[in-house]
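Okay, thanks for coming, everyone. I'd like to take you through a structure this morning, piece by piece, so please have it up in front of you.

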Amino acid sequence: MSQPVSIGRRGEPELPPTWPEGFPPAFHVLAKPTGAICNLDCTYCFFLSKEQLYPGDRFRMSDDLVAIYLTQLIESHQTREITIAFQGGEPTLMGVEFYRRLVAKAKEVAGPQRILEFTMQTNGTLLDDEWCEFLAAEQVLVGLSIDGPPAMHDAFRVDKQGRPTYERVKAAWELLQRHNVATNVLCSVHSANADHGLEVYKHFRDDLGVRFIQLIPIVERATPELIDKADAGWGERASERPLYLQEGSLVTERSVTPAQWGKFLTEVFDEWVHNDVGEVFVPSFDAALGAWLGMQSPMCIFSETCGTAIAMEHNGDVYSCDHYVEPDFLLGNIATQHLAEMVASPQQQAFGSAKATTLPSQCVNCEVRFACHGECPRNRFTTTADGEDGLNYLCEGYYGFFTHIDRPMKVMAELLRTGRPADEVMAILAKAD
Ligand code: SF4
Ligand code: SF4
């Protein structure tokens, strides 16, 4: 699609007449139909505090806004495939009818030439048969948040009364499987599970039969003034929770340490590379293999630059990234400005290129930079050995991990380059052990 084609309007913001310079053919929007509102109260979830950005709001995306959003999203994609992603808060709080209307509208706007992929990140606790029938019928890819076996999951993933949620989430997992819904697990790594990487991985693989596992480090930043309040958590049960901002160089007691993160990744990788290549999928391992093959990472955190994964609030406010839903990173609102304009704006371009241009020299000269790229800027709040600012808090963990996987990655990359399947690495390693 060489020229922009508007889909039809009712006095809404217009698609630019030509594609702005450097405008990406596709971009990712995490839409939040209920804003930060959730039925659970996970202690580490600083997204819950974002409710404070919209005092007195009902936090429900209207059908009119959905129509504007879908039109702008679809017409500003130059690719055939378009991902339509929902997160929260808890997106299922909108009810299944909201998504039925949304999917129908998206298909109408997109027409038969486009391929739509719907994804939803959920805590799972509100899912029932009706939901799962809908998710299966529309082939929605569901990300379910589980942090490991009960004690590790329930350490922080609790409801508004502080009660554990593992059993409810496990029931949701089983329901999704019964309905053949495409599902992956999102596992947050924090102080309660960080020392148990292998146990967590085996729980997913062996007890639940999970085949797609996303691993996310919990790093909650705070300033010296706010650290005590931050330690108390971000949910409603905390009496004085502040608005979470990516500020400060202290971290809460729930946060994973750099050494724990490296060890967790390494333990899981070692089990995976010896037994599960081609059977279990961990996006950060796939991204690393891509890096060893000289490819660009599909994950923003391991890319040289970022800025093409934006977040949209329930009222149409668009922010530079899901992790930067804060006033300084507001790009505009889709009711008054087109998504394409916001993605192409100098503010957003600067946000994305800063990931590469603000790297400290320790990263610039690092032998695993091709795979790490200093990870996400939100975690770059420590100093290098030379006292330079901007080193990633998790650096020690990433350096250890990427160094550790060099040999098996080289083996897998060579297998793929010579037209053989990467899973032959398991036999090669077994022979060498
Ligand atoms: S700030 Fe981090 S999470 Fe956000 S787009 Fe950039 S790399 Fe990705
Ligand atoms: S391992 Fe550390 S020094 Fe190397 S690129 Fe990553 S954050 Fe930078």
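I'll go through the sheet, then one helix, then a loop, then the two ligands. Keep in mind that this is a predicted model.

Let's begin with the sheet. Nine strands make it up, and it's an open sheet with mixed pairing. If you walk across it, the order is E6-E5-E4-E3-E2-E1-E9-E10-E11. At the edges you have E6 and strand E11, residues 330–333, and each of those has a single partner strand, so one side of each is left without a neighbour in the sheet. On average, neighbouring strands here are turned by 25° against each other, ignoring direction.

Now zoom in on the E6 end of that order. Strand E4, residues 141–145, and strand E5, residues 183–189, run parallel, and four bridges join them. If you want to find the register, Gly143 has Asn184 in E5 as its bridge partner, and Ser145 sits opposite Leu186 in E5. Then from E5 across to E6 you get five bridges, and that pair is parallel too. There, Val185 stands opposite Ile213 in E6.

So how much of E5 is covered? Mostly, it is: five of its seven residues are buried. And have a look at helix H5, residues 166–178, which lies across E4 and E5 and runs at about 160° to E4.

Next, helix H9, which is residues 283–292. Which of its residues are buried? Ser284, Phe285, Ala288, Leu289, Ala291 and Trp292. They're on the same side of H9, because they cover an arc of only 155° around the axis. It helps to remember that an α-helix has 3.6 residues a turn, so residues three or four places apart point the same way. What covers those buried residues of H9 includes strand E6, at 213–217, plus helices H8 (258–275), H13 (369–372) and H15 (406–417). So E6, the edge strand from before, turns up again here as part of that cover. After H9 comes Gly294, and its phi is positive, near 80°.

Just a moment on the loop between H8 and H9, where you'll find Gly278. Buried or exposed, with 11 other C-beta atoms within 10 Å? Gly278 is exposed, because the cut-off for that is 12 or fewer. Even so, Gly278 does have contacts beyond its neighbours within four places in sequence: Pro421, Ala422 and Asp423. Pro421 is 143 residues away in sequence, yet C-alpha to C-alpha Gly278 and Pro421 are 8.8 Å apart.

Last, the ligands. Around ligand 1 you have Cys300, Ile301, Cys306, Ala309, Cys321, His323, Lys355, Cys376, Pro377 and Arg378. That shell splits into seven nonpolar, one polar and two charged residues.

Around ligand 2, the list includes Cys363, Cys366, Cys372 and Cys395, along with Arg369, Glu375, Tyr398 and Tyr399. Here the split is seven nonpolar, three polar and two charged. Where do these residues come from? Helix H12 (361–364), H13 and helix H14 (395–404) each supply at least two of them, and H14 gives the most, with three. You've met H13 already, as part of what covers the buried residues of H9.

That's my tour, and I'm happy to take questions.

Notes. Residues are numbered from 1 along each chain as its sequence is written. Chains are lettered from A and ligands numbered from 1 in the order in which they are written. This is a predicted model: local features need pLDDT of at least 70, side-chain atom pairs count only at pLDDT 80 or more; totals for chains, interfaces and linings use all residues. A residue is buried if 20 or more other C-beta atoms lie within 10 Å of its own, exposed if 12 or fewer, and partly exposed in between; C-beta atoms are placed from the backbone. Helices (H or I, at least four residues) and strands (E, at least two) are DSSP runs, numbered from the N terminus. The arc is that of the directions from the helix axis to the C-beta atoms. Two residues are in contact if their C-beta atoms, placed from the backbone, lie within 7 Å. A residue is near a molecule or strand if its C-beta atom, placed from the backbone, lies within 6 Å of it. Ala, Val, Leu, Ile, Met, Phe, Trp, Tyr, Cys and Pro count as nonpolar, Asp, Glu, Lys and Arg as charged, and the others, Gly among them, as polar. Two strands pair if DSSP finds at least two bridges between them. Axes are lines fitted to C-alpha atoms, for helices over the stretch in contact, and angles run from 0 to 180 degrees between N-to-C directions.
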